[in-house]
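Let's take a quick tour of this protein, one piece at a time. Keep the structure open beside you and find each part as it comes up.

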Amino acid sequence: MTRRLAALLAGGLLFVLPLPASAARPAAPAGPAAPAAPAATCVAAQVDQRAAGVRSTFPVLQLATGLNEPDDVQVTGDVILVGQLGNGRIARLGVPTAVGGFDLLPAVVPTVEGLVRIGTTQFAANQGADRIVTVNGATVTTFLQLRPVSGREGVDGIGAVGNTLVVPDSPRGRVLFVGLDGRIQRTVTGFARPTNAWPLPTGAVLVADENGGTIVRINANGTTTTLLRGVRLPDDVVTDADGAIFSDSLGSDTVFRVAGGTATVLASAFGQPQGLGPDTAGNLIVTEEDRGRVDALVRFFKLQPAVTTNPVVAGTQSVCVNLDRAPGFTAAVTIDAGTGYTVTAQPGTGSSGAIHPTGCTGVCTVQVRVHSGARTDAVWLRVRVM
Ligand SMILES: [Ca+2]
């Protein structure tokens, strides 16, 4: 991140297009009530919480709030890790101990930035000390010490290609390919301030060059290709499972798609969108440093986040399973069989299904998993079964 630089730049107009506020939820019917739906009632255990202030034609859900300068993101299956630059704690979403919010890994990595996992090894970037560490429980160990440059912020995002760690040496304008033995295998120069590395299936790596204003591909043979120019402080770049490329702009507070040398804004008016990550449904997880928030930009479908109030489920009542859809995404969504519930209604081509908790009374926590084709999503719900 280069927060100070971002603040100095006047509001970037390059990518700012007029966008409506994040697609509104369906309005409650005014006047006489609409005919009652035939579906049985269910107990709500989720909330359609939109990310206030963000503008998009897509729904943008607030997954968590109250983080301390959330920055880079790592998505591994259902679990999202977010580095909190402010307090050095790594927040975790998508686990049963974090229903409707996040919990914390035990480790403290001061000024934590990039996160990447290779096999069972969790790497993190410690920007202030310009080093890469490994995190194992509460133990933080230096893996690679870079040489800080006076007056410049240290290492930022990191990535991996197979078993090779990719470390943009941000202050020195180069990208290092580092073996798991800690030896630097390859150095690619020519960047202004590279801040992220994202692998492609071909062995190439995408890099956001923050101060260069470009998205660059380091090809498998070590040459570079510039995919996009003129971005105000791009900080992160990722792809989805289909190979579509997405990046962010800290100068314009936007998230956009990169294709054919141009940028198409998907959402704007974020509060410093420092981190991006594709989820298992092809949505984009976005952090907002200034608002302490983790959002989901819903490109396909997303289960709404859980409430934390343990709503009461009595007798044969079901628990609603609600999701948000991107405009134009009309495919059927199916609740998968799972532990601790039976499915009592499928969303199908709608946006609401239901489950009935089984085998538990009192406070019960269940993970509900859904799919649509190869796209999957899951949410942990917690209810009080009477
Ligand atoms: Ca970062």
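Strand 24 and strand 25 (residues 284-288) run antiparallel and are joined by 4 bridges. If you want one pair to look for, P278 has L284 as its bridge partner in strand 25. Keep in mind that this is a predicted model, with a mean pLDDT of 92 for the protein.

**The sheet around strands 24 and 25**

- Strands 24 and 25 belong to an open sheet of 4 strands, which goes in the order 3-26-25-24 with antiparallel pairing.
- At the edges you'll find strand 3 (60-64) and strand 24, and each of these pairs on one side only.
- On average, neighbouring strands in this sheet are turned by 25° against each other, ignoring direction.

**Another four-strand sheet**

- A further open sheet has 4 strands in the order 16-17-18-19, and its pairing is antiparallel.
- Why do strand 16 and strand 19 have one side without a neighbour in the sheet? Strand 16 (194-199) and strand 19 (224-228) stand at the edges with a single partner strand each, so one side of each is left free of neighbours there.
- Here, too, the average turn between neighbouring strands is 25°, direction ignored.
- Inside this sheet, strand 17 (residues 205-209) pairs with strand 18 (residues 214-218) in the antiparallel sense, over 5 bridges.
- To spot that pairing, look for V205, whose bridge partner in strand 18 is I218.

**Strand 34 and its partners**

- Strand 33 (residues 362-372) and strand 34 run antiparallel, with 11 bridges joining them.
- These two strands make a hairpin with 2 residues between them. In the turn sits G373, with a positive phi of about 60°.
- Strand 34 (residues 375-385) also pairs with strand 28 (residues 312-313), this time in the parallel sense and over 2 bridges.
- On that parallel side, V312 has R384 as its bridge partner in strand 34.
- On the hairpin side, V366 stands opposite L381 of strand 34.

**The nonpolar core**

- L381 turns up again here: V207 and L381 are the residues with the most contacts inside the largest nonpolar core, which has 97 residues.
- Where does this core lie relative to domain 1 and domain 2? Both domain 1 (3-23 + 48-299) and domain 2 (302-385) give residues to the core, so it lies between them.
- Apart from neighbours within four places in sequence, L381 is in contact with A45, Q46, V99, A306, V319, V366 and V368. V366 is also the residue that stands opposite L381 in the strand pairing.

**A closer look at I245**

- You'll find I245 in strand 21 (residues 245-249).
- Is I245 buried or exposed? It has 20 other C-beta atoms within 10 Å, and the cut-off for buried is 20 or more, so I245 counts as buried.
- I245 and V258 are 13 residues apart along the chain, yet their C-alpha atoms are separated by 5.3 Å.
- Leaving out residues up to four places away in sequence, I245 touches L206, V237, T239, R257, V258 and A259.

**Two loop residues with positive phi**

- L233 has a phi near 55°, a positive value in a residue other than glycine.
- This leucine, L233, is found in the loop between strand 19 and strand 20 (237-239). L233 counts as buried, with 26 C-beta neighbours inside 10 Å.
- Q272 also has a positive phi without being glycine, with a value near 60°.
- Its loop runs between strand 23 (262-268) and strand 24 (275-278). With 22 C-beta neighbours inside 10 Å, Q272 counts as buried.

**The whole chain, and how far to trust it**

- The protein has 1 helix and 34 strands.
- Of its 386 residues, 47% are buried.
- Among contacts with a separation of 6 or more, 53% are between residues 24 or more positions apart.
- As for confidence, 90% of the residues reach a pLDDT of 70 or more.
- Over residues 4-18, though, the pLDDT is below 50, and this stretch has 24 contacts in the model beyond near neighbours in sequence.
- Residues 26-39 also stay under 50 in pLDDT, and the model gives them 2 contacts beyond four places in sequence.

Notes:
Residues are numbered from 1 along each chain as its sequence is written. This is a predicted model: local features need pLDDT of at least 70, side-chain atom pairs count only at pLDDT 80 or more; totals for chains, interfaces and linings use all residues. A nonpolar core is a set of buried Ala, Val, Leu, Ile, Met, Phe, Trp, Tyr and Cys residues joined through C-beta atoms within 7 Å. A residue is buried if 20 or more other C-beta atoms lie within 10 Å of its own, exposed if 12 or fewer, and partly exposed in between; C-beta atoms are placed from the backbone. Domain bounds come from an automatic or database domain assignment. Two residues are in contact if their C-beta atoms, placed from the backbone, lie within 7 Å. Two strands pair if DSSP finds at least two bridges between them. Axes are lines fitted to C-alpha atoms, for helices over the stretch in contact, and angles run from 0 to 180 degrees between N-to-C directions. pLDDT is the predictor's confidence in each residue, from 0 to 100.
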